[in-house]
Amino acid sequence: GAPGDPANATSLVSPGGINSAADVAGFTESDRTGTITAAEWPDSSTPTNLGTLAGVQNLVTGPEATAINDNGLITGFGSDGHGEAGFTIQGSTVTRLPALPNGGVDVIPLAVSNSGLIVGKADNSTTGTQAAEWSNGAIKALGGLPGSTDTQATTVNSSGEAVGTSL
């Protein structure tokens with residue numbers, strides 16, 4: 001169920017990731033108001049509204065959780081009024097993920113390994129969307145196949161190997 005709507009009578013629920021403890025992270029959208037909020041279902045049980053965390057509320061609107069690792073690190077993104085801002089949640093601590101240099105706008109983390117390596121996609125004013133990774137508070141563009149203009153890393157394993165798409 002969704003926070004405030006355990007029967008999902010008026011909400012869409014979209015899981016983004018699951019860890020080995022069956023904790024699920026994703027988002028819900030109210031059919032009545034269109035409000036989107038990040039949520040976590042610990043051990044697949046009653047959901048926690050992550051959108052009410054002060055760090056999330058002060059950073060973005062319409063937050064969506066995209067992944068969760070075995071250490072409980074959750075990734076997500078939402079609108080900051082200029083583009084998509086990426087973030088992590090560890091317990092009640094919310095951390096904004098950095099954008100690419102040269103006018104980075106969108107930051108969309110899609111997966112996180114158990115070692116905390118985050119992958120997804122990001123862009124800046126001189127390139128299209130490109131696969132990216134975040135490690136120790138820094139962002140790195142991963143590139144793509146020759147001639148591609150839109151790439152993203154969609155998952156990462158415990159060895160730090162990422163896969164994704166390159167168009």
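A polar contact is a pair of N or O atoms within 3.5 Å, and the side chain of Ser30 offers a good example, reaching the backbone nitrogen of Arg32 at 3.2 Å. Welcome to this structure, which is a predicted model. The chain is made of 1 helix and 14 strands, and this briefing walks through its overall form, its strands, its cores and a few individual residues.

**The chain as a whole**

- The C-alpha atoms fill a box of roughly 50 × 35 × 30 Å, taken along the principal axes.
- The radius of gyration is 16 Å, which agrees with the value near 15 Å for a compact globule of 167 residues.
- Of those 167 residues, 41% count as buried.
- Looking at contacts between residues at least 6 apart in sequence, 31% join residues that are at least 24 apart.

**An open sheet of four strands**

- Here 4 strands line up in the order β1-β2-β3-β4 to form an open sheet, and the pairing is antiparallel.
- The edges of this sheet are β1 and β4 (48–49); each has a single partner strand, so one side of each is left without a neighbour in the sheet.
- As a general point, strands of a sheet pair through backbone hydrogen bonds, in either a parallel or an antiparallel way.
- Strand β3 (residues 36–41) is joined to β4 by 2 bridges in the antiparallel sense.
- Glu40 has Thr48, in β4, as its bridge partner.

**Two serines in this sheet**

- Ser11 belongs to strand β1 (residues 11–18), while Ser30 belongs to strand β2 (residues 24–30).
- Ser11 has a relative accessible area of 14%, and because buried means under 20%, Ser11 counts as buried.
- Ser30 is also buried, at a relative accessible area of 18%.
- Beyond residues up to four places away in sequence, Ser11 touches Ala2, Asp5, Glu29, Ser30 and Asp31.
- With neighbours within four places set aside, Ser30 is in contact with Thr10, Ser11 and Thr35.
- Besides reaching Arg32, the side chain of Ser30 reaches the backbone nitrogen of Thr33 at 3.1 Å.
- Ser11 and Ile36 are 25 residues apart along the chain, and their C-alpha atoms are separated by 9.6 Å.

**The hairpin of β9 and β10**

- Strand β9 (residues 107–112) is mostly covered, with 5 of its 6 residues buried.
- Strands β9 and β10 (residues 118–124) run antiparallel and are joined by 5 bridges.
- Ala111 finds its bridge partner in β10, namely Val119.
- The hairpin has 5 residues between its strands, and Gly116 takes a positive phi near 95° there.

**Nonpolar cores**

- The largest nonpolar core has 13 residues, and the members that touch the most others are Leu50, Val56, Val60, Ala65, Ile74, Phe87 and Ile89.
- Two elements, β5 (61–68) and β7, each give two or more residues to this core.
- Strand β7 gives the most, with 3 residues.
- A second, separate core has 11 residues, including Ala67, Leu73, Leu100 and Ala132.
- Val56, named above as a member of the largest core, touches Leu50, Gly51, Pro63, Phe87, Ile89 and Val94 when residues up to four places away in sequence are not counted.

**The salt bridge**

- The structure holds 1 salt bridge, in which the side chains of Arg96 and Asp80 meet at 2.7 Å, N to O.
- Arg96 is in strand β8 (residues 93–96) and Asp80 is in the loop between β6 (74–79) and β7 (84–90), so the pair ties together parts that are 16 residues apart in sequence.
- Arg96 is partly exposed, at a relative accessible area of 46%.
- Asp80 is partly exposed as well, with 22% relative accessibility.

**Glu84 and its surroundings**

- Glu84 is found in strand β7 and is partly exposed, with a relative accessible area of 25%.
- Apart from neighbours within four places in sequence, Glu84 is in contact with Phe77, Gly78, Ser79, Val105, Asp106, Val107 and Ile108.
- Glu84 and Gly120 are 36 residues apart in sequence, and their C-alpha atoms are 12 Å apart in space.

Note on methods: Residues numbered from 1 in each chain as written. Predicted model: local features only at pLDDT ≥ 70, side-chain atom pairs only at ≥ 80, totals over all residues. Heavy atoms only, no water. Buried < 20%, exposed > 50% of the residue type's maximum accessible area, 1.4 Å probe, protein only. Contact = heavy atoms within 4.5 Å. Salt bridge = Lys/Arg side-chain N within 4 Å of Asp/Glu carboxyl O. Pairing = 2+ DSSP bridges. Polar contact = N/O pair within 3.5 Å; in protein donor to acceptor, adjacent residues only side chain to side chain. Core = buried A, V, L, I, M, F, W, Y, C linked by side-chain atoms within 4.5 Å. Rg over C-alpha atoms; globule rule 2.2 N^0.38 Å.
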